[in-house]
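Biologist: Could you take a close look at the salt bridges for me, and explain each term as you come to it?

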Amino acid sequence: FFADNGVDFEFEMNALISKVINHFATEVVSKRLAKSKTFQMMALKTHEHIEKSKKAISDPKIQQEIVRDAKKATQSVNIDYFRDSSKTFERFKRALKEEFRKDFK
């Protein structure tokens with residue numbers, strides 16, 4: 001059944017058994033979820049929400065609101081925070097380089 005190519009027979013057998021068990025477990029879980037009323041309701045609500053979102057995004061008025069909200073969000077970002085972080089990172093890099101120089105002399 002298995003070719004003798006230097007691979008351990010027990011390992012190959014375990015891999016085959018693992019695949020078979022995984023397949024059957026997937027089948028059982030899928031069938032149970034398909035029969036579950038709770039899962040069906042969740043799937044339906046998710047589908048309805050996605051469809052509603054697609055329609056809303058295609059509306060030019062809503063697109064303008066999204067752009068306006070995005071502009072407000074970017075305006076409230078504190079640029080100085082990023083500048084200070086950049087300076088801190090540069091100091092860290094310099095200190096790290098100096099430590100490496102000391103260690104590898």
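Modeller: Glu 51 is a suitable starting point, and it counts as partly exposed because its relative accessible area is 29%, where buried means under 20% relative accessible area, exposed means over 50%, and partly exposed lies in between, with a 1.4 Å probe and protein chains only. Before going on, please keep in mind that this is a predicted model, in which local features need pLDDT of at least 70 and side-chain atom pairs count only at pLDDT 80 or more, while totals for chains, interfaces and linings use all residues. Residues are numbered from 1 along each chain as its sequence is written, and side-chain values use heavy atoms, with hydrogens and water left out.

The partner of Glu 51 is Lys 54, and the closest N and O atoms of this salt bridge are 3.6 Å apart; the term salt bridge stands for a side-chain nitrogen of Lys or Arg within 4 Å of a carboxyl oxygen of Asp or Glu. Lys 54 and Glu 51 are three residues apart in helix α2 (residues 37–58), so about one helical turn separates them. Helices are DSSP runs of H or I with at least four residues, strands are runs of E with at least two, and both are numbered from the N terminus. Lys 54 counts as exposed because its relative accessibility is 53%.

A salt bridge also joins Lys 102 to Glu 99, with 3.6 Å between the closest N and O atoms. Both of these residues belong to helix α4 (residues 79–103), where they are three residues apart, about one turn of the helix. Lys 102 has a relative accessibility of 51% and therefore counts as exposed, whereas Glu 99, at 41%, counts as partly exposed.

Arg 68 and Asp 69 form a salt bridge too, and here the closest N and O atoms are 3.8 Å apart. Arg 68 counts as partly exposed because its relative accessibility is 44%, and Asp 69, at 43%, is likewise counted as partly exposed. The pairs described here are among the five salt bridges that a search of the whole structure finds.

As for the setting of these pairs, the protein chain has four helices and zero strands, which follow the pattern α-α-α-α when read along the sequence. Of the 105 residues in the protein chain, 1% are buried.
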